[in-house]
Amino acid sequence: MTLRYDALSSPDAYADVFKVPAPADLGERRIKPRQPGYIVRLAPAAADAPAPDADAAPPVRELLQIQWGLVPHWVKSASDGRLRAPKLVNARSETVTTSTPFRDAWLRGQRCIVPMQAFYADDLRSGGKPRPTRIARIDGAPMGVAGLWARWTGPEGETLLSFTLLTVNANSHALLHRYGQPGSEKRMPAILSEGAQAAWLGAPVAKAGEFMRAYPAQSLTANPVETKADKVPKGWLD
């Protein structure tokens, strides 16, 4: 389960890797539940259009800064959504088609890519206080994680856009099996290869599950977060 991740550190990466204009403001460096984070999705007109011809221009993508922690469209109030959001920052890919909070977003094809530099997992192997560990690509390149987005509209017409990260089983993953509660199922974000990002955004719903794979362990690195004398991890936001 991922409860913190680092946003991109360079605005150029949005254009170079995710094919969207760089934001004017990079926002918070470390993203926590209910905070705004950037997602990449197909622009509404592109998402509704029929499948393009092979020679057609690629569909238009847009970059949005929205809340991490999905608020389903059917919640009755903003306060209800705020209570639910911290528990809906991750969605299990194996049950997303039947899970009440996420099912509609999946079946409607409301898919997105969440750009991140790294995500954090708790190392509990020593049996003491959890030690946060930063997981990143070994080459330092940004990661694009598969996600779902949702739009909630309130009784007065107010709207809230939000997203969740899709996760996959990591029990057999050579790196991520080490993290999380001992004896519990291990999970990791569904990291997309750069070559799969366009296909993930535009794939038919029936094919979307094919992208839910564990990222190769040899392409990732794990580094414990340095701690200060007071035991608060360096750069860690409480």
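Reader: Which residues is Trp200 in contact with, leaving aside its neighbours within four places in sequence?

Author: In this predicted model, Trp200 is in contact with Trp106, Arg111, Cys112, Ile113, Ala146, Gly147, Leu166, Leu192, Ala208, Phe211 and Met212 once those neighbours are left out, and each counts as a contact because heavy atoms come within 4.5 Å. Trp200 also belongs to the largest nonpolar core, which has 60 residues, and is listed with Val114, Phe163, Leu166, Leu176 and Leu220 as touching the most other members. The largest share of this core, six residues, is supplied by strand S9, residues 143–153.

Reader: How do you know that Thr167 counts as buried?

Author: Its relative accessibility is 3%, and the cut-off for buried is under 20%, so Thr167 meets that condition. Thr167 sits in strand S10, which spans residues 159–169, and, apart from neighbours within four places in sequence, is in contact with Asn90, Ala91, Arg92, Ser93, Glu94, Arg187, Met188, Pro189 and Ala190.

Reader: What makes the aromatic pair of Tyr5 and Trp68 edge-to-face?

Author: The centres are 5.0 Å apart and the planes stand at 70 degrees; since pairing needs centres within 6.5 Å and edge-to-face needs an angle over 60 degrees, both conditions are satisfied. This pair links distant parts of the chain, with Tyr5 in strand S1 (residues 5–6) and Trp68 in strand S4 (residues 61–68), 63 residues apart. Both rings belong to buried residues, Tyr5 having a relative accessible area of 1% and Trp68 one of 0%.

Reader: Why is the pair of Trp68 and Phe163 called stacked?

Author: Their planes lie at 15 degrees, which is under the 30 degrees required, and their centres are 6.5 Å apart, with pairing defined as within 6.5 Å, so the pair counts as stacked. Trp68 lies in strand S4 and Phe163 in strand S10, so this pair ties together parts that are 95 residues apart in sequence. Phe163 has a relative accessible area of 0% and is therefore buried, and Tyr5, Trp68 and Phe163 form one aromatic cluster.

Reader: What makes up the lining of the second largest pocket by class?

Author: The lining has 10 nonpolar, four polar and five charged residues, and the pocket has a volume of about 380 Å³. Of the 19 residues lining this pocket, Met1, Thr2, Ala121, Asp122 and Gly180 are the closest to its centre. Strand S7 (118–123) and strand S11 (187–189) are the elements giving two or more residues to the lining, and S7 contributes the largest share, four residues.

Conventions. Residues are numbered from 1 along each chain as its sequence is written. This is a predicted model: local features need pLDDT of at least 70, side-chain atom pairs count only at pLDDT 80 or more; totals for chains, interfaces and linings use all residues. Side-chain values use heavy atoms; hydrogens and water are left out. Buried means under 20% relative accessible area, exposed over 50%, partly exposed in between (1.4 Å probe, protein chains only). A nonpolar core is a set of buried Ala, Val, Leu, Ile, Met, Phe, Trp, Tyr and Cys residues joined through side-chain atoms within 4.5 Å. On a 1 Å grid over the protein atoms alone, a cavity is a set of points where a 1.4 Å probe fits but cannot get out, and a pocket is an open set with protein on both sides within 12 Å along at least five of seven lines; lining residues have an atom within 4 Å of a point. Grid points are joined across faces, edges and corners, and a volume is the space filled by probe spheres set on the points. Ala, Val, Leu, Ile, Met, Phe, Trp, Tyr, Cys and Pro count as nonpolar, Asp, Glu, Lys and Arg as charged, and the others, Gly among them, as polar. Rings of Phe, Tyr and Trp (its six-membered ring) pair if their centres lie within 6.5 Å; planes under 30 degrees apart count as stacked, over 60 as edge-to-face and the rest as tilted.
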